[in-house]
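This briefing goes through one protein model by topic. Please look over the sequence and the structure before reading on.

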Amino acid sequence: MTATAAATLPALDAQALRADFPALQQTVHGRPLVYLDSAASSQTPRRVLDALLGYYENDRSNVHRGVHELSQRATDKYESARIRLQRFLNASGPEEIVWTRGTTESINLVAATWGRANVRAGDDVIISAMEHHSNIVPWQVLCQEKGANLRIIPMSHAGELRLSELDRLLSGRPRIVAVTQVSNALGTVNPVREIAERAHAAGAVCLVDGAQAAPHLQVDVRALGCDFFALSGHKMCGPTGIGALYARRALLEEMPPYQTGGDMISSVRFEKTVYNELPYRFEAGTPMIAGAIAMGAAVDYLENVGMERIAAHEADLLHHGTERLCAIRGLRLIGTARDKASVLSFEVEGAHPADLGTLLDRQGIALRVGHHCAEPVMRFYGVAATTRASLAFYNTRSDLDALGAAIETAKEILA
Ligand code: PLP
């Protein structure tokens, strides 16, 4: 979003929204909790908790199987959540939304089904230098199995993809380009629309890892032009254990099933099984019913707050946080792309990330230290780990001021 567009929106009242999140009301080590770890997992608003509990208290039963009232209610709510997610992503129809356990399972599903059916020896699978392990390892395994080549779009020191290299990478036998929209380790927002367009022009399909995009940016899978989009509920105010894969209907129709068993069939004979229609063909067994229902509530919640307002608020926080952190002597930001979202990764001279994280925790600041499941990114910058503050719309500028002050205190202790 442009700065002008953001400025015309009524500002989001993060302080008021915080009241919706029970976990944000606590103190940690005697200090008010400053939660800056939403890239790992966001917090959950009361409305989502109510939806989870509501299923267990009132509608607990299996879906798609019962004629009785409870099963009908559970099925209606489960399918209604799918439709809400479809609209949230602007997919063409609910059959393009497959419930999964999260981004990791969504990508594994694509690699194991579309990948096994379409990637052959000598083909190229293209990913980028800033992928999360869950968008590396499934492709590595596929390439090993098929004798295909894993190709990497390089990045600059600022943490921007070198897209000038893409044409060269696409000049072989590309089958799929799988890239993250927002890097969890650096915060870089990648131009996935352009990447999808260029992938298609070269005859490849495009998968977008949307784990860090869906909670922060307005996502329109049709406008992006991607073929697959993977997301995780627990990063977007939903429960753990639920996520989704968006896949273009035409591709899903051709893909072999992922897991097999109950629910994914329309008829079973010992001689032959006929698979169910979309998207059930990809949802074998009893699904995460409560999780999906609560995910519908999470999507409603995000839409009520407004994705454009969320993006504008977080852009302001990112700007404020960047200035505050850069004022600290010896602090180096890792990831300085021009287009960034929600992540401040850094290292502090003389402070081991693990020590820093522990000292920050003692001051009530929850953030992440480590390789963030992106070891190739760490290797690129020559560090073993970074300290990462990650934002959500319920954060305020004062959270970032508290972070800045706590880092300064930690530095004094470690000096
Ligand atoms: N991709 C990105 C960019 C992520 O940040 C994450 C989680 O941090 C994942 C994939 C994996 O998500 P999940 O563990 O929810 O499957």
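Which side chains does a polar contact of 2.9 Å join? The side chains are those of Thr100 and Ser106. The model is a predicted one, and the points below start from Thr100 and then move to the sheet, to helix H8 and to the cysteines.

**Thr100 and its surroundings**

- Thr100 lies in strand E4, which spans residues 97-100.
- With a relative accessible area of 1%, Thr100 is buried.
- Besides the contact with Ser106, the side chain of Thr100 reaches the backbone nitrogen of Ala244 at 3.4 Å.
- Leaving aside residues up to four places away in sequence, Thr100 touches Glu105, Ser106, Leu109, Gly241, Ile242, Gly243, Ala244, Leu245 and Met288.
- The bridge partner of Thr100 in E10 is Gly243.

**The seven-stranded sheet**

- Seven strands form an open sheet with mixed pairing, in the order E4-E10-E9-E8-E7-E5-E6.
- E4 and strand E6 (149-153) are the edge strands, and each of them pairs on one side only.
- On average, neighbouring strands of this sheet are turned by 20° against each other, direction ignored.
- Strand E5 (residues 124-128) pairs with E6 in the parallel sense, over five bridges.
- Within that pair, Val125 stands opposite Leu150 in E6.
- Helix H5 (residues 103-118) packs on the sheet and touches E4, E7, E8, strand E9 (228-232) and strand E10 (243-247).
- The direction of H5 makes about 155° with that of E9.
- H8 also packs on the sheet, where it touches E7 and E8, and the direction of H8 makes about 155° with that of E8.

**Strand E10 and its neighbours**

- The pairing of E4 with E10 is antiparallel and runs over four bridges.
- E9 and E10 run antiparallel as well, joined by five bridges.
- Gly243 in E10 is the bridge partner of Ser232, and Gly243 is also the bridge partner of Thr100.
- E10 is mostly covered, with five of its five residues buried.
- Gly243, Leu245 and Ala247 are buried on one side of E10, and Ala244 and Tyr246 are buried on the other, so both faces are covered.

**Helix H8**

- Which residues of helix H8 (residues 192-201) are buried? They are Val192, Ile195, Ala196 and Ala199.
- These buried residues are on the same side of H8 because they cover an arc of only 100° around the axis.
- Arg193, Glu197 and Ala201 are exposed on the other side of H8.
- The cover over the buried residues of H8 includes helix H7 (166-170), strand E7 (174-180), strand E8 (205-209) and helix H9 (221-224).
- Glu194 is also in helix H8, and Glu194 counts as partly exposed at 34% relative accessibility.
- Glu194 and Cys226 are 32 residues apart in sequence, and their C-alpha atoms are 9.9 Å apart in space.
- Gly203 follows H8 and has a positive phi, near 90°.

**Cysteines**

- How many disulfides does a search of the whole structure find? The search finds zero.
- Cys143 is in no disulfide, and the nearest cysteine sulfur, that of Cys206, is 16 Å away.
- Cys143 is buried, at a relative accessible area of 5%.
- Cys226 is in no disulfide either, and the nearest cysteine sulfur, that of Cys206, is 6.3 Å away.
- The cut-off for a disulfide is a pair of cysteine sulfur atoms within 2.5 Å.
- Cys226 counts as buried at 2% relative accessibility.

**The E11-E12 hairpin**

- Strand E11 (residues 265-268) and strand E12 (residues 273-275) run antiparallel and are joined by three bridges.
- Ile265 stands opposite Tyr275 in E12.
- The hairpin that joins E11 to E12 does so through four residues.

Note on methods:
Residues are numbered from 1 along each chain as its sequence is written. This is a predicted model: local features need pLDDT of at least 70, side-chain atom pairs count only at pLDDT 80 or more; totals for chains, interfaces and linings use all residues. Side-chain values use heavy atoms; hydrogens and water are left out. Buried means under 20% relative accessible area, exposed over 50%, partly exposed in between (1.4 Å probe, protein chains only). Helices (H or I, at least four residues) and strands (E, at least two) are DSSP runs, numbered from the N terminus. The arc is that of the directions from the helix axis to the C-beta atoms. Contact means heavy atoms within 4.5 Å. A polar contact is a pair of N or O atoms within 3.5 Å; within protein, one must be able to donate a hydrogen and the other to accept it, and residues adjacent in sequence count only if both atoms are side-chain atoms. Two strands pair if DSSP finds at least two bridges between them. Axes are lines fitted to C-alpha atoms, for helices over the stretch in contact, and angles run from 0 to 180 degrees between N-to-C directions.
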